[in-house]
Amino acid sequence: MPDNDVPDEPVAGNTRRIEASVVTDFSDRMSYGGYLDLPTLLSAQRPISRPEHHDELLFIIQHQTTELWLKLVLHELETACDLLRSDELAQALKCIARVKHIQKTLTEQWSVLATLTPSEYGQFRGVLGNASGFQSAQYRAVEFVLGNKNAKMLQIFESDSSASAMLQHALESPSLYDEFLRMLARAGYAIPTDVLERDVTLAWTYHPELVPVFATIYADPDHNWAAYETCEELIDLEENFQLWRFRHLKTVERIIGSKTGTGGSSGAPFLKRALELTFFPELYAVRTEIPG
């Protein structure tokens, strides 16, 4: 008999029997809850409204799960940068592909928060104080890794040493786009020296001299397939990011209209301006140059 000593039992009504081989004694074994540290994870949702408002739990879980996904996005993007630095493009693209799936999940997740009505949110919004998604260090790190860097953002995290260190590292490291362009240069593409030697702590700005390089790649995809495919993967990343930003904006407008944000931003107008930011402008500009 299996070591859990549970005999096979007949199915009673609509009850599924536990197979005899299923492990049930976890006194000295790793369990599902132990591996995932579920006691810690599931005790991290602590509504502070009094009396506790029913919908505050939704608000907390929405943002906590977003942070978990952002942690994985950072993990994948940083690994992709390392792989590009080593010219291991296929493996880097696998990381980017995973990020794209996470982005879709993050975007769809806004539909859950959008079930929160203005009246419901208004009953516990006051307890948030100045807490705001604007203060998400991981979100800022993702933007930094994708090239939208802003050193002034670090002042928001001066009281959090681990967040400051993470953002400082992301600020000083080449972005995903920087690493891609450096890889192209090593492969023989005519990437300008000033682009390769730019100050990577600054936000990426449009470099028109890169457009002819990408035009060459797009003119002959068969002979430039690796570079061509990577360009399209980066476009997917940016498009997904913009869709996420748009859903964020529309959810905010739906719940609080044009109210200012809890963190002090102008709210919806601030989010609208974010839609004007771009990570890979030359990859969009080249489309105007492609015949047809």
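This text considers a pocket, a buried arginine and a helix in turn. The structure is a predicted model.

The second largest pocket has a volume of about 190 Å³. Its lining consists of Leu41, Leu42, Ala44, Gln45, Ile61, Gln64, Thr65 and Leu68. Two elements each give two or more residues to this lining, namely helix H2 (38–42) and helix H3 (56–85). Of the contributors, H3 gives the most, with 4 residues. Sorted by class, the lining of the second largest pocket holds 5 nonpolar and 3 polar residues, and no charged residues.

The next point of interest is Arg245, which is found in helix H11 (residues 225–256). Is Arg245 buried or exposed? With a relative accessible area of 4%, Arg245 counts as buried, because this value falls under the 20% limit for that term. Several residues surround this side chain or its backbone: leaving aside residues up to four places away in sequence, Arg245 touches Tyr139, Glu143, Asn148, Ala274, Leu275, Leu277 and Phe279. One of these, Ala274, also has its backbone oxygen 3.3 Å from a polar atom of the side chain of Arg245.

Helix H11 appears again when one turns to helix H13 (residues 281–289). In H13, the residues Pro281, Glu282, Leu283 and Val286 are buried. Which helices do the buried residues of H13 pack against? They pack against helix H8 (176–186), helix H10 (211–219) and H11. Helix H11 is thus a partner of the buried residues of H13, and the helix in which Arg245 is found.

Notes. Residues numbered from 1 in each chain as written. Predicted model: local features only at pLDDT ≥ 70, side-chain atom pairs only at ≥ 80, totals over all residues. Heavy atoms only, no water. 1 Å grid on protein atoms, 1.4 Å probe; cavity = no way out; pocket = protein on both sides within 12 Å on 5 of 7 lines; lining within 4 Å. Points joined across faces, edges and corners; volume = space filled by probe spheres on them. Nonpolar A, V, L, I, M, F, W, Y, C, P; charged D, E, K, R; others polar. Buried < 20%, exposed > 50% of the residue type's maximum accessible area, 1.4 Å probe, protein only. Polar contact = N/O pair within 3.5 Å; in protein donor to acceptor, adjacent residues only side chain to side chain. Contact = heavy atoms within 4.5 Å.
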